[in-house]
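Here is a short set of exercises to work through with the model open in your viewer. Try each task before you read its solution.

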Amino acid sequence: MDNKSYSAVVQAIFPNGKHGPNAVASNKELGNITFFLKPPVWEEEDWPEEGHIVVLSKISKKRAGWRAYSGRFYQPSDEQPTTGK
């Protein structure tokens, strides 16, 4: 399991998914990543909406694609510090 964090844009929310509420987000490097919208995976009280940027980690490759086992909203502290003038 990859412990690196990836920022991704939420593409779709499935509140009544077969295995529970889940969402799909896209990342430039990995493509689509699926994650559950309930604890312990989703760490926030509110669900994201389409277009929200989220941070996904604990990524694993499944037969059907990438799956994240940890997710949260993107925060200002996730911005890379800029240097220079």
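**Exercise 1. The surroundings of Asn22**

Find which backbone oxygen lies 3.1 Å from a polar atom of the side chain of Asn22 in this predicted model. Then decide whether Asn22 is buried or exposed.

*Solution.*
- Step 1: Start from the side chain of Asn22 and look for the backbone oxygen at that distance; it belongs to Gly20.
- Step 2: Place the residue in the fold: Asn22 is part of strand β2.
- Step 3: Check its accessibility. The relative accessible area of Asn22 is 14%, which is under the 20% limit, so the residue counts as buried.
- Step 4: List the neighbours, leaving out residues up to four places away in sequence. Asn22 touches Ile13, Phe14, Gly17, Thr34, Phe35, Phe36 and Leu37.
- Step 5: Widen the view to the strand. In β2, 5 of the 6 residues are buried, and the strand is mostly covered.

**Exercise 2. Tracing the barrel**

Work out in what order the strands of the closed barrel run, and name the sense of pairing for β1 with β2, β2 with β3, β3 with β5 and β1 with β4.

*Solution.*
- Step 1: Begin with β1 and β2. These strands run antiparallel and are joined by 5 bridges; one position to inspect is Ala12, which stands opposite Val24 in β2.
- Step 2: Go on to β3. It runs antiparallel to β2, with 6 bridges between them. The two strands form a hairpin with 3 residues between them. On the β3 side, Asn32 is the bridge partner of Ser26, and Gly31 is that of Asn27.
- Step 3: Cross from β3 to β5, which covers residues 65–73. Here the pairing is parallel, over 3 bridges, and Thr34 stands opposite Arg67 in β5.
- Step 4: Turn to β1 and β4, an antiparallel pair with 4 bridges. Tyr6 stands opposite Leu56 in β4.
- Step 5: Put the order together. The 5 strands run β1-β2-β3-β5-β4 as a closed barrel with mixed pairing. On average, neighbouring strands of this sheet are turned by 50° against each other, direction ignored.

**Exercise 3. The salt bridges**

How many salt bridges does the structure hold? For the one made by Glu29, identify the partner and explain what the pair ties together.

*Solution.*
- Step 1: Count them: there are 2 salt bridges in the structure.
- Step 2: Take Glu29. Its side chain meets that of Lys4 at 3.6 Å, N to O. Glu29 sits in the loop between β2 and β3, while Lys4 sits in the segment before β1, so the pair ties together parts 25 residues apart in sequence.
- Step 3: Compare the accessibility classes. Glu29 is exposed at 55%, whereas Lys4 is partly exposed at 43%.
- Step 4: Look at Arg72 and Asp78, whose side chains meet in a salt bridge at 2.8 Å, N to O. Arg72 has a relative accessible area of 21% and is therefore partly exposed.

**Exercise 4. Val9 and its neighbours**

Which residues does Val9 touch, not counting those up to four places away in sequence? How far apart in space are Val9 and Asp78, C-alpha to C-alpha?

*Solution.*
- Step 1: Locate the residue: Val9 belongs to strand β1, residues 6–14.
- Step 2: Classify it. At 32% relative accessibility, Val9 is partly exposed.
- Step 3: Collect the contacts, which are Val24, Ala25, Ser26, Gly51, His52 and Ile53.
- Step 4: Take the C-alpha distance to Asp78. The two residues are 69 apart in sequence and 14 Å apart in space.

**Exercise 5. Checking the confidence**

Determine what pLDDT the chain averages and which strand has the highest mean pLDDT.

*Solution.*
- Step 1: Take the whole chain. Its average pLDDT is 92, and 94% of the residues score at least 70.
- Step 2: Turn to the elements. Strand β2 (residues 22–27) has the highest mean, 98, and strand β4 (residues 53–62) the lowest, 96.
- Step 3: Keep one caution in mind: where pLDDT is low, predicted coordinates should not be read in detail.

Key: Residues numbered from 1 in each chain as written. Predicted model: local features only at pLDDT ≥ 70, side-chain atom pairs only at ≥ 80, totals over all residues. Heavy atoms only, no water. pLDDT = per-residue confidence, 0-100. Buried < 20%, exposed > 50% of the residue type's maximum accessible area, 1.4 Å probe, protein only. Contact = heavy atoms within 4.5 Å. Salt bridge = Lys/Arg side-chain N within 4 Å of Asp/Glu carboxyl O. Pairing = 2+ DSSP bridges. Axes fitted to C-alpha atoms, helices over the stretch in contact; angles between N-to-C directions. Polar contact = N/O pair within 3.5 Å; in protein donor to acceptor, adjacent residues only side chain to side chain.
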